[in-house]
Every structure is written in structure tokens, then in C-alpha cells.
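Grab a pencil and work through a few short exercises on the model shown here. Each one comes with a worked solution, so try the task before you read on.

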Amino acid sequence: MLLNVKGIINTPGDGIAFNEELDLSDVDFGGVCPAVRPVSVVGTVQNIAGMLQLHAELNTELSCVCDRCGAPFEKPFHFVVERMLAEELEDEDNDDILLLVDGAFDLDELARETFILNMDTKMLCREDCKGLCSGCGANLNFEECRCKKEIDPRWAALQKLL
Ligand SMILES: [Zn+2]
Ligand SMILES: [Zn+2]
């Protein structure tokens, strides 16, 4: 959605509210698309003493697959974006400022970018997930490893003697 803020550019104290649902189910992280539900994007743009301040909150419930044990799990995603909006850049290096084009900016694109940049690089069903045994494939969160314990040959020889 293109959000037009022309109406408040010259009126300090004025603001615009937005509330939309964005489909990000096509955003792929290593073969998994976790945003199976719509992402809600709620916020405001306010003219504070002549400066346009954007505040947006992204919320959704992700469907993830654990990187260690492969179990599916749900996880909330919440992120707050605070940006200044301006019609032109006074300082070229200031990339905190979102540039308006004809008094508007693409809210969907900003939300999509924010979502991608703030996704966890590691998806774990829990902090201390023990994962799968590389030998027997047992899910070590719930079961014992079934790999045969290697018996030290010297100990085996000793056992024979006893
Ligand atoms: Zn796990
Ligand atoms: Zn094992």
C-alpha cells in the first residue's frame, strides 16, 4: 500500500494512522516460508514540529521448522520500526531517513524489508534444543541415543578374564 502523507507535511501536530494486513507468505528463508499468516502492520505518521515521524508495529505468528531437530513450531514475530520521512535528503549519509516520492512512500515495501532484515538467522524450537543424533537419528530432546556404545577393546579383554 502506498501511504500518502501530503496532507500532513505542512501541518505540525497532524497525523495519519494506518492498519493493514500484508501477505508475506512468499518470503523464503532457506526453503522455509514462515509467514503463513498475514502480517499486521499498524502505526502512525506524525508531523512533530515539522518533521514526519513514522512508527509502525509488525506482528504475526510464524510457522517455523527447527534447524536442529526438524520439528515444526510456532513463534511470534514482533518488530517496531521508527523512521523519519522527508521529501529530500539534507545529508546523503543519513539512511535512517525514508525518502518520499511525490508525498508518498511504499508501506508494504518497508514492512517486507523490515521483516526480512529482522528474521532470526537460526530457528530453534527452544534455546537448548539438543537436535538429532547424527548416528541413529534419535531426537535427543525426547529420547536416548540408540547408537551402540563403543566398548574399549582393552576393557572387553579384561571382562573376558573376569
Ligand atoms: Zn529443535
Ligand atoms: Zn545415536
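**Exercise 1.** Work out how the donor residues of the zinc ion (ligand 2) are spaced in sequence, and what arrangement the donor atoms make.

*Solution.* Keep in mind that this is a predicted model.
- Start with the spacing: the pattern reads C-x2-C-x8-C-x1-C.
- Next, put names to it. The SG atoms of Cys 133, Cys 136, Cys 145 and Cys 147 are the protein donors, 2.2 to 2.4 Å from the zinc ion (ligand 2).
- Now check the angles. Four donors count as tetrahedral if all angles lie between 85 and 135 degrees. Around this zinc ion the 4 donor atoms subtend 100 to 117 degrees, so the arrangement is tetrahedral.

**Exercise 2.** Decide whether Cys 133, Cys 136 and Asp 95 are buried, partly exposed or exposed.

*Solution.* You need two cut-offs: buried means under 20% relative accessible area, and exposed means over 50%.
- Cys 133 has 14%, so it is buried.
- Cys 136 comes out at 24%, which makes it partly exposed.
- Asp 95 has 61% relative accessibility and therefore counts as exposed.

While you're at Asp 95, find its place in the chain: it sits in the loop that links β5 (72-86) to β6 (97-99). Met 84 is 11 residues away from Asp 95 along the chain, and their C-alpha atoms are 9.8 Å apart.

**Exercise 3.** Trace how β3 pairs with β2 and with β4.

*Solution.*
- Begin with β2 (residues 15-22): it pairs antiparallel with β3 (residues 39-48) through 8 bridges. To find your bearings, look for Asn 19, which faces Val 42 in β3.
- Then go to β4 (residues 51-65). This strand and β3 run antiparallel too, joined by 9 bridges. Here Ser 40 is opposite Asn 59 in β4.
- Finish at the turn. β3 and β4 make a hairpin with 2 residues between them, and Ala 49 in that turn has a positive phi of about 50 degrees.

**Exercise 4.** Describe how domain 1 and domain 2 meet.

*Solution.*
- Set the bounds: domain 1 covers 2-127 and domain 2 covers 130-162.
- Look at the separation: their C-alpha centres are 49 Å apart.
- Count the contacts: 4 residues of domain 1 touch 5 residues of domain 2.
- Add the area: about 380 Å² is buried between the two domains, with 48% of it from carbon and sulfur atoms. On the domain 1 side, Arg 68, Cys 69 and Arg 126 lose the most area to domain 2, together 92% of what that side buries.

Definitions and conventions:
Residues are numbered from 1 along each chain as its sequence is written. Chains are lettered from A and ligands numbered from 1 in the order in which they are written. This is a predicted model: local features need pLDDT of at least 70, side-chain atom pairs count only at pLDDT 80 or more; totals for chains, interfaces and linings use all residues. Side-chain values use heavy atoms; hydrogens and water are left out. Helices (H or I, at least four residues) and strands (E, at least two) are DSSP runs, numbered from the N terminus. Buried means under 20% relative accessible area, exposed over 50%, partly exposed in between (1.4 Å probe, protein chains only). Donors are N, O and S atoms within 2.8 Å of the metal (3.2 Å for Na, K and Ca); water is not among the atoms, so sites may look incomplete. Four donors count as tetrahedral if all angles lie between 85 and 135 degrees; four count as square planar and six as octahedral if opposite donors are over 155 degrees apart and all others between 65 and 115; anything else is irregular. Two strands pair if DSSP finds at least two bridges between them. Domain bounds come from an automatic or database domain assignment. Contact means heavy atoms within 4.5 Å. Buried area is the accessible area (1.4 Å probe) that two parts lose on being put together, summed over both.
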